[in-house]
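The following exercises concern the protein model shown below. Each consists of a task and a solution in steps.

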Amino acid sequence: MTPPPGRGPAITARDLVKTYPAGRGKDPVRALDGLSLSIPAGSVFGLLGPNGAGKSTTVKVLTTLSRADSGSATVDEVDVQADPGRVRRRIGLVPQRACSDPMATGRENLVLAGRIQGLAAADARARASALLERFGLDEAADRLVKTYSGGMARKLDVALGLVHRPSVLFLDEPTTGLDPEARAEMWAEIGSLATVDGMTVLLTTHYLDEADRLVDRLAIIDRGRVVVEGTPDGLKGELHGDTVTVDVADPELAAPAAERMARLDGLVDVAVDGRTVRARSGAAATVVPTLLAGLERDGVSVLSATVSRPSLDDVYLRHAGRSFLEEAS
């Protein structure tokens with residue numbers, strides 16, 4: 001989505017560094033190691049990476065909950081370190097953990113959030129009713145939140161982040177723990193925030209299918225750095241041909257299997273990840289039978305061999321050197 005004329009990026013980050021002290025006798029943990037981003041206004045932008053990659057730390061810095069050791073960042077063209085109060089008034093934040101009071105009703109949670117954000121009592125009640133209806137929670141509005149299902153509670157969390165009509169919304173792992181139906185409902189709502197409300201959404205996730213479906217652009221984070229950025233289709237399109245994946249029975253034979261694959265015409269970008277060996281091929285249908293026959297002659301027992309179109313896991317493997325799915329598991 002193209003930002004409105006004259007409006008700069010909704011979020012910028014330049015060379016962010018954040019280090020956390022470690023326990024006695026251990027080295028400090030560098031959560032962010034020179035991370036840089038530029039996120040267009042009115043888009044859904046995904047930060048993709050396994051747990052510990054730096055996604056949540058990035059969100060904490062951009063939402064003024066943590067201060068970077070060095071580097072700079074702006075949200076809605078306001079410097080997060082120089083003027084954190086203005087930033088907080090312009091953003092909504094939905095953290096990983098539930099932010100509602102389980103011993104209050106959904107309506108009470110929303111009205112209280114509105115009052116905290118400075119809305120008059122009548123305006124807070126009206127805003128609460130509108131959000132309850134929007135998220136399909138109107139029938140449960142006056143029930144205690146502790147009686148809500150996981151999907152209902154997560155919808156309420158997002159509604160709480162929208163009470164004051166922010167221009168930028170941060171969603172930190174918004175669908176973790178939800179069942180498939182609740183995830184699909186949340187996906188639909190997140191999509192409408194940008195397309196209908198014109199809001200900028202920064203979404204962190206470790207679900208590849210979520211990023212592939214929801215975001216306009218994404219950045220893959222690895223060890224506190226952005227290793228690649230682009231559209232999901234564009235990043236997958238850079239990987240020409242199909243992905244050939246071979247799982248061997250003995251992890252010690254993965255390296256010899258990779259050596260044979262590297263010597264075989266028609267296979268490129270060979271990479272080993274545990275007992276799995278991946279490569280790319282523009283003629284997989286003819287290459288795979290030859291490959292399997294060669295591995296059998298070498299005494300390499302193959303558990304499975306598959307051919308698939310490029311995925312975001314393949315993108316991660318190419319740029320980070322290992323499988324995202326293995327890292328996230």
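The model is predicted; the protein chain averages a pLDDT of 91, and 95% of the residues score at least 70.

**Exercise 1. Overall description and confidence**

Task: State how many helices and strands the protein chain has, and determine where pLDDT stays under 50.

Solution.
Step 1. The protein chain has 12 helices and 14 strands. Its C-alpha trace spans about 80 × 50 × 45 Å along the principal axes.
Step 2. Of the 329 residues in the chain, 48% are buried. Among contacts between residues at least 6 apart in sequence, 69% join residues at least 24 apart.
Step 3. The stretch with pLDDT under 50 is residues 1-6, for which the model has eight contacts beyond four places in sequence. Where pLDDT is low, the predicted coordinates should not be read in detail.

**Exercise 2. The largest pocket**

Task: Give the volume of the largest pocket, and identify which element gives the most to its lining.

Solution.
Step 1. The volume of the largest pocket is about 430 Å³. There are 19 lining residues, and those closest to the pocket centre are Leu93, Gln117, Leu160, Gly161 and His164.
Step 2. Two or more lining residues come from each of strand 6 (91-94), helix 3 (106-116) and helix 5 (150-162). Helix 3 gives the most, with four residues.
Step 3. By residue class, the lining divides into 10 nonpolar, seven polar and two charged residues.

**Exercise 3. The two sides of helix 3**

Task: Determine which residues of helix 3 are buried and what these buried residues pack against.

Solution.
Step 1. The buried residues of helix 3 are Gly106, Asn109, Leu110, Ala113 and Gly114. Viewed down the helix axis, the buried residues of helix 3 fall within an arc of 130 degrees, so they line one face of the helix.
Step 2. Leu112 and Ile116 are exposed on the other side of helix 3.
Step 3. Helix 4 (121-134) and helix 5 are the elements against which the buried residues of helix 3 pack.
Step 4. After helix 3 comes Gly118, which has a positive phi near 95 degrees.

**Exercise 4. The two sides of helix 9**

Task: Carry out the corresponding analysis for helix 9: which of its residues are buried, and what covers them?

Solution.
Step 1. Helix 9 covers residues 254-263, and its buried residues are Ala254, Ala257, Ala258, Arg260 and Met261. The buried residues of helix 9 fall within an arc of 160 degrees when seen down the axis, so they line one face of the helix.
Step 2. The face turned away from the buried side carries the exposed residues Ala262 and Arg263.
Step 3. The cover over the buried residues includes strand 11 (242-248), strand 12 (268-273), strand 13 (276-281) and helix 10 (284-297).

**Exercise 5. The surroundings of Phe170 and Ser192**

Task: For Phe170, establish whether the residue is buried or exposed and which residues it contacts beyond four places in sequence; then find what Ser192 touches.

Solution.
Step 1. Phe170 belongs to strand 7 (residues 168-172). The relative accessible area of Phe170 is 0%; the cut-off for buried is under 20%, so Phe170 is buried.
Step 2. Beyond four places in sequence, the contacts of Phe170 include Ile11, Val59, Leu62, Thr63 and Val75. Ile91, Gly92, Leu93, Val94 and Leu202 are also in contact with Phe170.
Step 3. Phe170 and Leu203 are 33 residues apart in sequence, and their C-alpha atoms are 6.2 Å apart in space.
Step 4. Ser192 lies in helix 6 (residues 180-195) and counts as buried at 17% relative accessibility. Leaving out residues up to four places away in sequence, Ser192 touches Arg134 and Asp197.

**Exercise 6. Positive phi at Thr64 and Glu77**

Task: Locate Thr64 and Glu77, and decide for each whether it is buried or exposed.

Solution.
Step 1. Most residues other than glycine have a negative phi. Thr64, although not a glycine, has a positive phi of about 70 degrees. Glu77 is likewise not a glycine and has a positive phi of about 70 degrees.
Step 2. Thr64 is in the loop between helix 1 (55-62) and strand 4 (70-75). Glu77 is in the loop between strand 4 and strand 5 (78-79).
Step 3. With a relative accessible area of 13%, Thr64 is buried, whereas Glu77, at 55% relative accessibility, counts as exposed.

Note on methods
Residues are numbered from 1 along each chain as its sequence is written. This is a predicted model: local features need pLDDT of at least 70, side-chain atom pairs count only at pLDDT 80 or more; totals for chains, interfaces and linings use all residues. Side-chain values use heavy atoms; hydrogens and water are left out. pLDDT is the predictor's confidence in each residue, from 0 to 100. Contact means heavy atoms within 4.5 Å. On a 1 Å grid over the protein atoms alone, a cavity is a set of points where a 1.4 Å probe fits but cannot get out, and a pocket is an open set with protein on both sides within 12 Å along at least five of seven lines; lining residues have an atom within 4 Å of a point. Grid points are joined across faces, edges and corners, and a volume is the space filled by probe spheres set on the points. Ala, Val, Leu, Ile, Met, Phe, Trp, Tyr, Cys and Pro count as nonpolar, Asp, Glu, Lys and Arg as charged, and the others, Gly among them, as polar. Buried means under 20% relative accessible area, exposed over 50%, partly exposed in between (1.4 Å probe, protein chains only). The arc is that of the directions from the helix axis to the C-beta atoms.
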